[in-house]
Amino acid sequence: MKKVKTAVVGASGYTGQELLRILLRHRGVELVCATSRQYAGQELCDVFPRFRHVPGADLKFTDSDVAAIAATGAEAAFLALPHGVAAAYARGLVEAGLRVIDLSADFRLNDPAVYEEFYGKAHPDVELMQEAVYGMPERHREAIEKARIVGSPGCYPTSIILPLAPLLREGLLLPDDIVVNSGSGVSGAGRKADIAYNFCECNENMHAYSLPRHRHLSEIEQELSLEAGAKVVITFTPHLMPVNTGILTTTVAKLAPGATAEAVGACLHRAYDGAPFVRLMGENKPAETKYVTRTNFVDIGWSVDARTHRLVLMSAEDNVIKGAGGQGVHAFNVMFGFDETEGLWLI
């Protein structure tokens with residue numbers, strides 16, 4: 001199997017650590033660069049003892065310099081950086097000939113005005129932003145295959161878009177009456193010191209946050225509107241759950257006239273029977289976080305409420321794997337012609 005020289009930029013956060021875990025066991029990857037200003041000069045296995053005795057884990061973290069990253073001979077780079085920071089690296093890496101998978105929000109949107117509205121500042125590279133492909137392989141495989149830069153979807157959007165997209169595309173749901181409630185593990189806030197995410201603040205507690213407009217709404221509504229062929233505006237309430245990882249999403253939508261539970265199930269099966277990381281639980285079978293954490297799967301169940309003619313969609317995923325690093329590697333596999341499951345059979 002060919003080896004692609006690969007860099008992880010911002011490799012010391014939760015998503016970066018998961019990327020390293022996956023890439024170190026990926027048969028098609030030669031990990032040549034992992035950056036971290038905090039840990040520059042230290043070996044991966046010293047910073048993350050779980051990697052001791054793993055081949056390749058004696059690689060040393062380096063500082064985050066575009067020229068130095070390119071000088072390693074890397075052909076691909078994962079950007080596991082905060083939004084606003086990733087864009088500063090992407091242009092230089094793309095111009096150096098690397099193919100880039102960005103896991104921040106900088107290249108998920110196609111409208112610079114929407115980016116500025118939701119992220120509070122103008123996008124620094126609108127041309128590259130509008131070139132980027134939304135990196136959800138279940139929906140954009142052909143575009144991802146050819147892309148120089150991929151904007152990997154957010155964790156919440158993955159759990160929301162995958163169940164809704166085929167149903168909106170086939171007209172089984174009304175696009176103007178969708179309500180979504182999601183809960184995420186504390187790792188979704190990133191690996192940082194913040195009193196709000198201390199153990200005693202999060203343990204045995206659950207609460208909503210970022211009301212009434214979480215930043216992920218921008219990409220959720222963008223992608224759902226493309227599927228529906230009409231503007232989709234949803235109500236989205238995220239919650240912080242007292243777990244390390246995992247996302248559980250419950251979506252309620254009004255069925256279109258004539259739509260049935262059988263039609264919903266048939267639509268989802270048409271969309272995902274060939275998708276290795278989407279597991280359809282079936283009607284009246286809820287998804288649960290404990291069966292998806294530490295994996296690249298998203299589980300989807302559904303139920304029709306005949307009294308209200310509403311559909312309840314239930315989905316679960318790991319927020320730092322399927323919702324971040326694993327999905328990025330899935331796109332990488334598509335970009336470089338590997339079997340799309342390579343390195344991702346995590347159970």
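## Helix α1 and its surroundings

Helix α1, residues 14–23, is mostly covered, with eight of its ten residues buried. The buried residues of α1 are Gly16, Gln17, Glu18, Leu19, Leu20, Arg21, Ile22 and Leu23. The elements that cover them include the strands β1, β2 and β3 (76–79), together with the helices α2 (44–47) and α12. These placements, like everything below, are read from a predicted model.

## The six-stranded sheet

Two of the strands that cover α1, β1 and β2, belong to an open sheet of six strands. The strand order in this sheet is β2-β1-β3-β4-β6-β5, and the pairing is parallel. At the edges stand β2 (29–35) and β5 (133–134), each of which pairs on one side only.

Strand β1, residues 4–9, runs parallel to β2 and is joined to it by six bridges. Within β2, alanine 34 is the residue that stands opposite valine 8.

## The annotated NAD-binding span

In an unreviewed entry, UniProt lists residues 5–147 as "domain: Semialdehyde dehydrogenase NAD-binding". In the model, this span is 38% helix and 15% strand. The C-alpha atoms at the two ends of the span, residues 5 and 147, lie 17 Å apart.

## The seven-stranded sheet

A second open sheet has seven strands in the order β8-β9-β7-β10-β13-β12-β11. Its pairing is mixed. Strands β8 (207–208) and β11 each have a single partner strand, so one side of each is left without a neighbour in the sheet.

At the β8 edge, two bridges join β8 to β9 (residues 235–240), and the two strands run antiparallel. Histidine 207 has leucine 240 in β9 as its bridge partner.

## Nonpolar cores

The largest nonpolar core holds 64 residues, of which Leu79, Leu167 and Ile234 touch the most other members. Helix α8 (residues 155–169) gives the most to this core, contributing nine residues. Leucine 167 touches Leu172, Leu173, Val264, Cys267, Leu268, Leu311 and Leu313, when residues up to four places away in sequence are not counted.

Another core lies apart from the largest one and has 46 residues. Val47, Leu59, Ile101 and Leu103 are among its members.

## Cysteine 155

Cysteine 155 is found in helix α8, the helix that gives the most to the largest core. UniProt, in an unreviewed entry, annotates Cys155 as "active site". The relative accessibility of cysteine 155 is 12%, so the residue falls under the 20% limit and counts as buried.

With neighbours within four places in sequence left aside, cysteine 155 is in contact with His216, Ile247, Glu317, Asn319 and Gly323.

## Aromatic pairs

The structure holds eleven aromatic pairs. One of them joins phenylalanine 297 and tryptophan 345; this pair is tilted, with 6.1 Å from centre to centre and 40° between the planes. The pair links distant parts of the chain, as the two residues are 48 residues apart. Phenylalanine 297 sits in the loop between β11 (278–283) and β12 (298–305), and tryptophan 345 in the segment after α12 (321–335). Phenylalanine 297 is buried at 8% relative accessibility, whereas tryptophan 345 is partly exposed at 47%.

Phenylalanine 332 and phenylalanine 336 also form a tilted pair, because their planes stand at 40° and their ring centres are 5.0 Å apart. Both rings belong to buried residues: phenylalanine 332 has a relative accessibility of 0%, and phenylalanine 336 has one of 11%. Elsewhere, ring pairs link Tyr39, Phe48, Phe51 and Phe61 into a cluster.

## Arginines over rings

Phenylalanine 336, besides its ring pair with phenylalanine 332, has arginine 99 over its face, at 5.1 Å from the ring centre. A further arrangement of this kind involves arginine 213, which lies over the face of phenylalanine 118 at 4.4 Å from the ring centre.

Key:
Residues are numbered from 1 along each chain as its sequence is written. This is a predicted model: local features need pLDDT of at least 70, side-chain atom pairs count only at pLDDT 80 or more; totals for chains, interfaces and linings use all residues. Side-chain values use heavy atoms; hydrogens and water are left out. Two strands pair if DSSP finds at least two bridges between them. Helices (H or I, at least four residues) and strands (E, at least two) are DSSP runs, numbered from the N terminus. Rings of Phe, Tyr and Trp (its six-membered ring) pair if their centres lie within 6.5 Å; planes under 30 degrees apart count as stacked, over 60 as edge-to-face and the rest as tilted. Buried means under 20% relative accessible area, exposed over 50%, partly exposed in between (1.4 Å probe, protein chains only). A charge sits over a ring if NZ of Lys or CZ of Arg is within 6 Å of the ring centre and within 35 degrees of the ring normal. UniProt positions are given in the numbering used here, feature names are shortened, and annotations may be inferred rather than shown by experiment. A nonpolar core is a set of buried Ala, Val, Leu, Ile, Met, Phe, Trp, Tyr and Cys residues joined through side-chain atoms within 4.5 Å. Contact means heavy atoms within 4.5 Å.
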